[in-house]
Amino acid sequence: MIDSASLLAVLPELILTAGGLILMLVAAFGGDGTARIVNALSVLTLIVAGVALSCSLAHGPDAFGGLVRADAFSVYAKALIYAAAAAAILLAPRFFSTDSALRPEYPILILFAAIGMGMMVSAGDMLTLYVGLEMNSLASYVLASFMRQDGRSSEAGLKYFVLGSLASGILLYGISLLYGFTGSTAFDGIAVALGDGVGKGELFGLVFVLAGLAFKISAVPFHMWTPDVYEGAPTPVTTFFASAPKVAAMGLTVRVAIEALGPAGLDWQQIVIFVALASILFGAVAAIGQSNIKRLMAYSSINNVGFALIGLAAGTPAGVAATMSYMAIYVVMTIGAFACILQMRDADGKPVETIASLAGLSQSRKGLAAAFAIFMFSMAGIPPLFGFWAKFLVFDAAVASGLTALAAFGIAASVIGAFYYLKIIKTIYFDEPTGAYEAKGGAVENVILTACAVVIVLGYLLNPVLDQASAAAAASLF
Amino acid sequence: MDGFPILSLMMAVPMAGAIACLFVGANSARWIALIATLVDFVLGMALWANFDQSGSGAQWQFQEYAPIFGKFAWALGIDGIALMLIALTVFLMPICIGASWNAINKRVGEYMAAFLFMEVLMIGVFTAQDLYLFYIMFEAGLIPMYLIIGIWGGADRIYASYKFFLYTLFGSVLMLIAMMWMVHEAGTTEIPVLMAYNFDPHVQTWLFLAFFASFAVKMPMWPVHTWLPDAHVQAPTAGSVILAGVLLKMGGYGFIRFSLPMFPEASAQLAPLVWGLSMVAVVYTSLVALVQSDMKKLIAYSSVAHMAIVTVGLFAFNQAGIEGAMMVMLGHGLVAGALFLCVGVIYDRLHTREIARYGGLSINMPRYAVLFLFFTMASVGLPGTSNFVGEFLALMGIYQASTWVALVCTTGIILGAAYMLYLYRRICYGEQVNADAAAMPDLSGREIWLLAPIAAVVLWMGVYPESFLSPMRPDIRALEARLAPAAPAGDSKIKMGAPKPAGEAHHEEVSAHGEAH
């Protein structure tokens with residue numbers, strides 16, 4: 001069964017696997033001193049894998065008899081995932097260096113997670129999906145507890161592991177139900193079986209599968225792990241969690257919903273609508289009282305996932321394209337925002353996480369403050385920043401497919417969300433300075449920060465490209 | 001000027017100025033801002049000079065079109081209505097910069113950048129010919145205004161900035177959903193096409209309400225006006241000027257550009273709602289203004305009352321009413337701006353807005369007293385000033401549609417006289433009870449240069465309004481024609497008398513209007 005075309009389709013994964021294994025050997029024999037070189041080589045591996053993405057499209061979408069898909073959708077999602085993973089690696093050294101906790105395992109784990117995420121978005125079969133998901137999750141559990149001496153980090157890892165295993169169990173149970181009632185684990189096979197009516201067993205399977213996936217994208221009501229894990233995990237890891245795995249899980253959800261469960265659209269649409277609205281509302285309301293910026297970003301990610309799901313709820317190619325565009329813009333905003341958060345260090349260079357410590361930042365660090373404000377306004381969806389366009393696209397898709405009430409409700413709820421983003425800007429710009437911050441940020445952080453800010457401010461000029469890429473990605477699912 | 005992208009240039013100049021201001025020191029920032037706004041003023045006057053007012057040419061002039069944003073385009077273009085509002089904007093901006101010259105002394109670069117960015121967006125709102133581009137410009141104004149109020153505002157600035165931001169944001173988001181629906185229905189984002197598109201009358205009601213939510217908040221109409229007094233009171237002087245002078249006009253512009261031509265049936269159907277809210281606003285906010293002890297709050301409430309005259313004029317569905325509404329908007333933009341400047345002048349000296357802390361200023365500040373009196377009279381609507389023309393036309397227009405509304409709204413003029421004259425008496429006349437107020441120096445040269453141009457234009461607008469009405473007339477006529485099939489019948493039953501030969505006319509007075517029974 002293994003032919004050269006199939007191998008070419010998974011070329012990015014092969015590169016990442018080989019790179020990850022070699023680097024692991026380097027780390028094992030070279031010790032912690034190799035951390036920086038492994039870091040650099042990991043980024044290089046991701047870049048090479050990203051270049052290899054263009055080859056993977058060469059031989060039609062199906063590889064390994066339909067277990068893996070290499071289509072425009074997976075390429076789009078993987079490009080985002082690799083970019084986000086590379087950013088998470090690049091942002092790490094400075095953070096870990098203060099505790100001399102920089103170890104070469106960090107980039108390697110991210111590489112392995114990237115392999116898993118690549119498999120998630122290119123899965124054509126429930127089993128590939130599950131393997132990819134677990135591969136990503138196992139690496140993530142370790143990453144969450146990466147700072148072994150830090151109690152919060154260990155706690156985050158444990159919580160993530162326990163709840164993640166539960167969700168995996170739920171997902172696996174749903175897969176087994178679907179397999180039992182449809183007789184197939186392949187997405188197209190399930191779709192064919194669902195095409196002649198959705199039975200009760202199939203419906204149960206669908207609900208469990210969606211519940212498992214909702215956990216991975218941290219949508220309400222399966223979001224409980226998110227704030228604790230985001231807060232406890234080291235900040236670069238949180239950056240990673242908030243970006244790449246979100247894209248992967250969202251891509252996976254979209255693919256399963258459209259390719260496998262497409263004929264049961266009416267059944268999952270209600271679930272997605274509920275999950276989307278609940279996430280938007282809960283994410284917005286619960287964030288208001290937060291005083292820790294990482295916790296706030298966790299609720300913000302719940303909120304954002306809700307908006308992205310509105311595109312999926314529309315169920316149309318335009319809706320899926322909107323969701324994918326949303327994720328692209330969201331990743332840029334999130335990485336930019338975390339690049340700001342990573343620069344929150346007091347005068348001694350120790351990381352601080354309270355929102356109150358940002359007071360008066362606009363007077364001591366003008367550039368950082370402006371970037372922070374740009375990302376916060378953008379996340380709040382205020383034009384002319386690019387975050388507005390992300391929300392615009394999903395609501396536009398919802399209106400186009402007749403879900404006007406959903407769009408109206410969702411957008412009204414987005415005003416609640418705007419409040420807590422404003423609160424951060426208020427702290428930065430209106431309040432009087434309290435404690436001093438480190439005088440200047442790291443070079444890498446600043447470059448990433450600036451790049452993200454430029455995209456967010458001038459993003460509309462990218463619209464034609466982004467529209468085309470998202471539309472092509474969405475079209476490959478239908 | 002054919003093909004020259006003057007509108008884009010008018011937005012590029014302040015944008016470049018804004019970016020430059022962020023990187024230079026305080027004094028350079030002031031000069032950059034002043035020069036950028038003056039250049040824009042010159043460009044605006046060139047725009048006016050080259051505008052074809054005859055009405056025989058195209059309705060939309062200076063059009064630019066660049067489809068660079070995918071789902072929407074950089075489409076600009078103006079008609080006479082937009083031209084007048086742009087002229088108002090570019091006229092007030094240098095004055096705002098001048099008013100902040102000494103009053104703002106912390107974070108000057110950021111302040112000037114925020115103002116220049118604001119100017120970009122205001123011009124963008126009035127020139128946008130693409131629905132989504134309009135929305136982006138309309139919404140984006142929240143960011144600089146939020147910062148202006150929040151950073152450079154008074155004691156309660158944070159509450160006011162939140163209230164301003166969230167109120168207006170909530171109003172606008174529903175409009176966006178309605179816009180999306182319209183674009184899918186009509187298949188275009190071009191505003192001129194949408195203005196001629198006939199939407200299903202049943203859906204129009206919903207669309208109208210969604211737009212109404214946004215424009216009524218922006219306007220602001222009673223009962224969603226409560227953000228305005230807070231924002232005005234806390235904003236720095238120049239912020240109040242731009243808020244009252246131009247930002248409030250965006251609501252009126254929205255009605256005239258979107259609500260009326262795009263949803264004529266719904267406008268007619270819901271006109272009683274608008275009238276009702278406006279009547280309440282005129283009487284209620286005037287009475288509230290009467291009991292204010294804070295000068296800025298008083299003028300803020302008077303703005304709400306004046307804006308209510310605008311809405312009744314617009315929803316009179318006839319040329320007189322709409323022309324009057326436009327004139328009130330222009331006149332109020334100037335007069336309210338000038339009044340806020342007048343408040344700013346004495347606030348800069350005594351640092352209080354309490355009316356009771358002043359008194360007898362005409363003794364030690366005679367020049368100030370003269371100018372303040374002039375603007376007070378203009379605000380009251382004295383003949384010869386801009387507001388008289390507007391209010392008279394607007395009330396004449398609404399009289400044709402509904403005599404009762406005209407009756408109630410006209411009381412606003414009387415109440416307006418009451419609160420404005422009362423304010424003036426307490427500040428400028430009477431005993432000089434406060435020693436520190438009595439010691440204040442008269443207007444400086446800079447302050448006279450800020451107020452005198454406004455006074456000149458107010459007078460010009462009152463004496464020869466034709467200069468301002470003629471560019472708008474063809475567009476308002478087109479709007480009236482668009483509204484004619486849907487316009488409500490009106491209860492005044494006007495019978496036009498036949499003109500008589502000159503000698504007889506004064507013997508038999510031809511009744512040109514019915515009874516206000």
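Which residue follows H16(A), and what is the sign of its phi? In this predicted model, H16(A) is followed by Gly381(A), whose phi is positive, near 80°.

**Helix H16 of chain A**

Helix H16 of chain A covers residues 366–380. At 1.5 Å a residue, its 15 residues should span 21 Å, and the end C-alpha atoms are 21 Å apart, so the expected span and the model agree. The helix is mostly covered, with twelve of its 15 residues buried. Among the buried residues are Leu368(A), Phe372(A), Ile374(A), Phe375(A), Met376(A), Phe377(A) and Met379(A). Ser378(A) and Ala380(A) are buried too.

**Chain B against chain A**

Contacts between the chains involve 25 residues of chain B and 26 residues of chain A. On the chain B side, three helices each supply at least two residues:

| Helix of chain B | Residues |
|---|---|
| H5(B) | 131–140 |
| H6(B) | 142–152 |
| H7(B) | 157–186 |

H7(B) gives the largest share of this side, 13 residues. By class, the side of chain B that touches chain A has 20 nonpolar, three polar and two charged residues.

**H7 and H10 within chain B**

H7(B) also packs with helix H10 of chain B (residues 227–234), at an angle of about 135° and with the axes 9 Å apart. Angles from 65 to 115 degrees count as roughly perpendicular and those over 145 as roughly antiparallel, so H7(B) is oblique to H10(B). The crossing is left-handed. H7(B) contributes Arg157(B), Tyr159(B), Ala160(B), Lys163(B), Phe164(B) and Tyr167(B) to the contact, and H10(B) contributes Trp227(B), Asp230(B), Ala231(B) and Gln234(B). These divide into six nonpolar, one polar and three charged residues.

Notes
Residues are numbered from 1 along each chain as its sequence is written. Chains are lettered from A and ligands numbered from 1 in the order in which they are written. This is a predicted model: local features need pLDDT of at least 70, side-chain atom pairs count only at pLDDT 80 or more; totals for chains, interfaces and linings use all residues. Helices (H or I, at least four residues) and strands (E, at least two) are DSSP runs, numbered from the N terminus. The expected span of a helix is 1.5 Å times one less than its number of residues. A residue is buried if 20 or more other C-beta atoms lie within 10 Å of its own, exposed if 12 or fewer, and partly exposed in between; C-beta atoms are placed from the backbone. Two residues are in contact if their C-beta atoms, placed from the backbone, lie within 7 Å. Ala, Val, Leu, Ile, Met, Phe, Trp, Tyr, Cys and Pro count as nonpolar, Asp, Glu, Lys and Arg as charged, and the others, Gly among them, as polar. Axes are lines fitted to C-alpha atoms, for helices over the stretch in contact, and angles run from 0 to 180 degrees between N-to-C directions. Angles under 35 degrees count as roughly parallel, over 145 as roughly antiparallel, 65 to 115 as roughly perpendicular and the rest as oblique. A crossing is left-handed if the near helix is turned anticlockwise from the far one by less than a right angle, and right-handed if clockwise.
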